[in-house]
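Reader: I would like to see how the labels on this model are earned. Take me from cut-off to conclusion.

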Amino acid sequence: MADINLNRIFNFYKEVPLSEELKPFISEKENVHFCVKTVRDIAVFTDKRILVADKQGITGKKIEYYSIPYKSIVTYAVETAGFFDFDSEIKLLISGGIKIEMKFLKDKNMAQLLFKVYHLLNDFVIC
């Protein structure tokens, strides 16, 4: 059984297409809006949830999948990057006390990707 860490940090850096290995995890009843690449992983933002594939170990063959339904998000906050910061982040508090941080690594598209995720959260959490 998976040991669920109550605090998770995912580092995002660019938008990517949905990978073939994640397609079986997407329900026919949900629509994919976009996917974001992490260092070794990928996060899929649908109209129902955020699905994160977290590769583990040296080879990355072992993968833990996190499904975060929008309805379980209690609150969220955005922290934009300052002049000397290397990232921006969105912090999620999930029912049950689970904390998720989505860090957006600094590059020319960081703010655009950060606000794309933020607006999607607004659309599906505030309903």
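Author: Start with a definition. A salt bridge needs a side-chain nitrogen of Lys or Arg within 4 Å of a carboxyl oxygen of Asp or Glu. The model is predicted. In it, the side chains of Lys91 and Glu89 meet at 3.4 Å, N to O. That is within 4 Å, so the pair is a salt bridge.

Reader: Why is Glu89 called buried?

Author: Buried means under 20% relative accessible area. Glu89 has 5% relative accessibility, so Glu89 counts as buried.

Reader: What makes Lys91 partly exposed?

Author: Partly exposed lies between the 20% and 50% limits. Lys91 has 35% relative accessibility, so Lys91 falls in that class.

Reader: Which residues do salt bridges with shared partners join into one network?

Author: Glu79, Glu89, Lys91 and Lys103. The structure holds eight salt bridges.

Reader: Why is the contact of Glu21 with Lys55 called a salt bridge?

Author: Their N to O distance is 3.9 Å. The cut-off is 4 Å, so the pair qualifies. Glu21 sits in the loop between E1 and E2, and Lys55 in strand E4 (residues 49-56), 34 residues apart. Glu21 has a relative accessible area of 41%, so Glu21 is partly exposed. Lys55, at 28%, is partly exposed as well.

Reader: Where are the partners Glu30 and Arg49, buried or exposed?

Author: Both are buried. Their closest N and O atoms are 2.8 Å apart, so the 4 Å cut-off is met. Glu30 lies in the loop between E1 and E2, while Arg49 belongs to strand E4.

Reader: How do you know that E2 and E3 pair?

Author: Pairing takes at least two bridges. Five bridges join E2 to strand E3 (residues 42-46), so the two strands pair. They run antiparallel. Val32 stands opposite Thr46 in E3. A hairpin of three residues joins E2 to E3.

Reader: And what makes E1 and E2 a pair?

Author: Four bridges join strand E1 (residues 7-16) to strand E2 (residues 32-38), so the requirement of at least two is met. These strands also run antiparallel. Val16 has Cys35 in E2 as its bridge partner.

Reader: Why is the span of H1 said to be close to the expected one?

Author: The expected span is 1.5 Å times one less than the number of residues. H1 has 16 residues, so the expected span is 22 Å, and its C-alpha ends lie 22 Å apart. Buried residues in H1 include Leu113, Val117 and Leu121.

Technical notes:
Residues are numbered from 1 along each chain as its sequence is written. This is a predicted model: local features need pLDDT of at least 70, side-chain atom pairs count only at pLDDT 80 or more; totals for chains, interfaces and linings use all residues. Side-chain values use heavy atoms; hydrogens and water are left out. Buried means under 20% relative accessible area, exposed over 50%, partly exposed in between (1.4 Å probe, protein chains only).
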